[in-house]
Amino acid sequence: MSNRIKAEKKRFYRKRVELFRLIDKIKLWPSRTGLLHGIRTMERMGDTARITTHCNKTFLVNNSRNSRAARWLRNKWFAGACPECGVPEWKLAKYSATQFERHHGSDTLRGGSSE
Ligand SMILES: [Zn+2]
């Protein structure tokens, strides 16, 4: 009986991508101003990682699925790319085309290239 409850509860949790896996895949970091920085290195230390961007900024991030950065990355919110990082166009294009694991109705795939 308690199993039943557990199973039903589970359905409400959507599969979310870990922030670190996300970063590891796309190698981009959204700053608070909406600029995407290119990630040069990511040193994992448990649930924290030290990230160094190509423009030599270093900071610590937590592996949170719900952090601002995780949300911005998943939603692809960014205003542009950091000029110092020199993020190449193809990388941004690839990022824009990335589909995140959101098996939540197929209409997320509708997008296409036009607005
Ligand atoms: Zn940068």
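Where is the place of Lys27 in the chain? Lys27 sits in the loop between H2 and strand S1 (28-30), and one of the views below is devoted to this residue. Please keep in mind throughout that this is a predicted model.

**Figure 1. The whole chain, with its four helices and five strands.** Following the sequence from start to end, you will meet the elements in the order α-α-β-β-β-β-α-β-α. The chain has 115 residues, and 16% of them count as buried. Among contacts with a separation of 6 or more, 53% join residues that are 24 or more positions apart.

**Figure 2. Confidence along the chain, from helix H1 to strand S3.** The mean pLDDT of the chain is 80, with 71% of the residues at 70 or more. Of the chain's elements, strand S3 (residues 48-53) has the highest mean pLDDT, at 96, while helix H1 (residues 2-10) has the lowest, at 54. Two stretches deserve a cautious eye. In residues 10-14, pLDDT stays under 50, and the model has one contact beyond four places in sequence for this stretch. Residues 105-115 also stay under 50, again with one contact beyond four places in sequence. Where pLDDT is low, the predicted coordinates should not be read in detail.

**Figure 3. Helix H2 packs against helix H3.** Two packed helices are described by the angle between their axes and the distance between the axes. For H2 (residues 19-26) and H3 (residues 68-75), the angle is about 50 degrees and the axes are 10 Å apart. An angle of about 50 degrees is neither under 35 nor in the range 65 to 115, and H2 and H3 are therefore oblique to each other. The crossing of H2 past H3 is left-handed. Which residues in H2 and H3 meet? From H2 come Leu19, Leu22 and Ile26, and from H3 come Ala69, Ala70 and Leu73. The residues of this contact comprise six nonpolar, no polar and no charged.

**Figure 4. A look at Asp24 in helix H2.** Is Asp24 buried or exposed? Asp24 counts as partly exposed, because 13 C-beta neighbours lie inside 10 Å. For orientation, look also for Ile39: Asp24 and Ile39 are 15 residues apart in sequence, and their C-alpha atoms are 8.9 Å apart in space.

**Figure 5. Lys27 in the loop between H2 and strand S1.** Leaving aside residues up to four places away in sequence, Lys27 touches Gly38 and Ile39. Thr53 is 26 residues from Lys27 in sequence, yet the two are 9.2 Å apart in space, C-alpha to C-alpha. Lys27 has 19 C-beta neighbours inside 10 Å and so counts as partly exposed; a residue needs 20 or more to be buried. The backbone is worth a look too. Most residues other than glycine have a negative phi. Lys27 is not a glycine, but its phi is positive, at about 55 degrees.

**Figure 6. Asn56 in the loop between S3 and strand S4 (58-62).** Here is another residue that is not a glycine but has a positive phi: for Asn56 the value is about 65 degrees. Why does Asn56 count as exposed? Asn56 has 9 C-beta neighbours inside 10 Å, and a residue is exposed if that number is 12 or fewer.

Terms used. Residues are numbered from 1 along each chain as its sequence is written. This is a predicted model: local features need pLDDT of at least 70, side-chain atom pairs count only at pLDDT 80 or more; totals for chains, interfaces and linings use all residues. pLDDT is the predictor's confidence in each residue, from 0 to 100. Helices (H or I, at least four residues) and strands (E, at least two) are DSSP runs, numbered from the N terminus. Two residues are in contact if their C-beta atoms, placed from the backbone, lie within 7 Å. Axes are lines fitted to C-alpha atoms, for helices over the stretch in contact, and angles run from 0 to 180 degrees between N-to-C directions. Angles under 35 degrees count as roughly parallel, over 145 as roughly antiparallel, 65 to 115 as roughly perpendicular and the rest as oblique. A crossing is left-handed if the near helix is turned anticlockwise from the far one by less than a right angle, and right-handed if clockwise. Ala, Val, Leu, Ile, Met, Phe, Trp, Tyr, Cys and Pro count as nonpolar, Asp, Glu, Lys and Arg as charged, and the others, Gly among them, as polar.
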